[in-house]
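The following note sets out points on the nonpolar packing, the ligand site and some backbone features for a colleague's consideration.

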Amino acid sequence: MCGIVGYVGGKEAYPIIIKGLKRLEYRGYDSAGVSIGNTKGIALLKQKGKVSDLEAYTEGREKSGSIGIGHTRWATHGVPNQVNAHPHLSGDGKLSLIHNGIIENYDSIKKALQSKGHIFNSDTDTEVLIHLIENIKNHEQVNLFESVRIALSEVIGAYAIVVMEEGVNNEFIAARKGSPLVIGVGRDEYYIASDASPIIEYTNEVVYLEDGEIARVNCEEVLEIKTITNKIITPYIQELKLSLDTIEKGGFSHFMLKEIYEQPKSILDTMRGRIDTESKEIKLGGISDYEQKIINADRIIIVACGTSWHAGLIGEYLLEDLARIPVEVEYASEFRYRNPIIRETDVVLAISQSGETADTLAALALAKQKGATVLGICNVVGSSIPRLTDGGIYTHAGPEIGVASTKAFTTQVVVLTLMSLRIAKQKGTLSNTNYHQLITQLELIPEKVERVLQTNDQIEKIAKQFKDVSNFLYLGRGYNFPVALEGALKLKEISYIHAEGYPAAEMKHGPIALIDADMPIVVIATKKGNYEKILSNIQEVKSRGGRLIAIVTEGDKTVKELADYCIEIPNCFEELTPLLSNIPLQLLSYHIALMRGCNVDQPRNLAKSVTVE
Ligand code: F6R
């Protein structure tokens, strides 16, 4: 939530910052702004709307300078408008601050500052923070680095901030707690951003700031880092393993479509090096030290949010089915606040694309504090969750920029499949034959996903028939129940059509009352598991006049006679079906949203990385 970019060095800062903000726009896009420092002072330019609106606004205005900070906002405190947009200035206009996160005790700080004569222009917690820094700087007579450090020791909440000072054109101060910040190290120049995507084309040497760290970033000096408690830290420079083409659209009209089409490759990347070609043994180095813990665990608790929670549900089916370990899947936001019972024999597994989701991170921290073994399945390398966990497995899906999660979901499911198979094998709950058959089938999935993607034109035609409806119901059973939930989430978040996912058999217990000719039903009716039962559910829908779109196994004739539209997916083992059945639902949401004129990559009110609770 909220994207931060900064530059200090010998180049013009503005174009670097605007380009960086566009790369980070997935994190928030309701307003944007920049502060550029030059010999005349700080040019502050901000605008409601997208980065392109900011660009239009800055046209013809003074914005030259070789130091600058920029921000793209996802509003928490105060409506999205020009006044509430970042950067915010101190009372005397000499300090400028960008912030990602929430200052929880801003109200009491604000009142104390108001009693000292501070006047605030915006409704934001961020403006309070920059006034606090100013107040400390003026009263304690300390430099900006120290003022920021003292201010942050008074602050409760989460933040990634960058502060610059009028007349100081070689340096800014940055700090983080709970929200990510990465510093790009160039030659006589530094970059800073919420993630590495704005930095990669300039340098591949980066320093990830840790929680509670504060940095003085001066282009004429080496990076200076200390903790908020004033302990000096030696910066650890890492090499970035990100390539530019992975964060660009590569000929696709949207990141979401590109990422849907990348799935055969990202699934391969997830499996790469993890299945021995000869013996078919699965190697998961990141959790090998904890394998016995998992095998002997009383239970595995999966914590996640949104799409990652849906992947977690599939993980529950897989781990219980194959490895016979009891699994509970929890919304991280509920888990962290409901005083859960966590034992040292529990394994708590967090699933998160971004690795930064505030609730998932907090749920994990709670589990760790209670002595459980904490593991993670994440996509973003070096993000906060992998740094908190005892061990974990990266999905290696590559950057996911579309706000609606697609390839992250499929690769999370692949990791959960690998993990379940590995544990099942080690525990002896799966026969050798079944193990080998499943692995062989898993290896065929990328090619089968390619085949599913060929249904795109057909799905586009189906989308045309349904683009104007107001409600959708998604039904699935067994492994396809979480797929129904995920399909409904995808549709509602990008097309703003109300959609619900249900276990098909639950339809009779309520939702059936909604069914009429205006309520389309998507049913996942692949030829495994509960096929016969789902046929009855289809009959129930049909007899009430519902229009049906069915996801079926290639060659199915029975459902074809009943459903209005059928999308075929290749035959595969039941345990692996979600990896295929989910793809047409992603495409259906994409086309419907596009036909309704929605912004597919940046749906309203959403942000990619939910770093506030
Ligand atoms: C939906 C979506 C969200 C995320 C959720 C968790 O398409 O993207 O529901 O899945 O915000 O995010 P991560 O996985 O980054 O923890």
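1. A nonpolar core is here a set of buried Ala, Val, Leu, Ile, Met, Phe, Trp, Tyr and Cys residues joined through side-chain atoms within 4.5 Å. The structure under review is a predicted model. Its largest nonpolar core holds 88 residues, and those that touch the most other members are Ile294, Ile300, Leu421, Phe472, Tyr474 and Leu588. Helix 13, spanning residues 407–427, is the largest contributor, giving 10 residues to this core.

2. Where does this core lie relative to domain 2 and domain 3? Residues come to the core from both domain 2 (249–443) and domain 3 (452–601), so the core lies between them.

3. Leu588 illustrates the packing of the core. Once neighbours within four places in sequence are set aside, Leu588 is in contact with Ile459, Ile462, Ala463, Tyr474, Val522 and Ile549. There is also a second core, separate from the one described above, with 29 residues; among them are Ile18, Tyr26, Ala193 and Ile200.

4. The ligand is surrounded by 15 residues, of which Ser308, Ser352, Ser354, Thr357 and Glu493 are the closest. Two serine side chains supply polar atoms at the listed distances: a polar side-chain atom of Ser308 is 2.6 Å from a ligand oxygen atom, and an N or O atom in the side chain of Ser352 is likewise 2.6 Å from an oxygen atom of the ligand. Thr307 takes part through its backbone, with an N or O atom 3.0 Å from an oxygen atom of the ligand.

5. How much of the ligand's accessible area does the protein cover? On its own the ligand has 400 Å² of accessible area, and the protein covers 89% of this. Helix 9 (306–323) and helix 17 (480–495) are the elements that give two or more residues to the shell around the ligand.

6. The peptide bond between His86 and Pro87 is cis, with omega about 0 degrees. Pro87 sits in the loop that runs between strand 4 (67–73) and strand 5 (88–89).

7. Positive phi values at non-glycine positions also merit attention. His396, which is not a glycine, has a phi of about 55 degrees; this residue belongs to the loop between strand 20 (391–394) and helix 13. His396 is partly exposed, at a relative accessible area of 38%. Asn605, also not a glycine, has a positive phi of about 70 degrees and lies in the segment after helix 20 (578–595). Is Asn605 buried or exposed? Its relative accessibility is 61%, so Asn605 counts as exposed.

Methods:
Residues are numbered from 1 along each chain as its sequence is written. This is a predicted model: local features need pLDDT of at least 70, side-chain atom pairs count only at pLDDT 80 or more; totals for chains, interfaces and linings use all residues. Side-chain values use heavy atoms; hydrogens and water are left out. Buried means under 20% relative accessible area, exposed over 50%, partly exposed in between (1.4 Å probe, protein chains only). Helices (H or I, at least four residues) and strands (E, at least two) are DSSP runs, numbered from the N terminus. Domain bounds come from an automatic or database domain assignment. Contact means heavy atoms within 4.5 Å. A residue is near a molecule or strand if one of its heavy atoms lies within 4 Å of it. A polar contact is a pair of N or O atoms within 3.5 Å; within protein, one must be able to donate a hydrogen and the other to accept it, and residues adjacent in sequence count only if both atoms are side-chain atoms. Accessible areas come from the Shrake-Rupley method with a 1.4 Å probe; for residues, only the protein chains shown count as cover.
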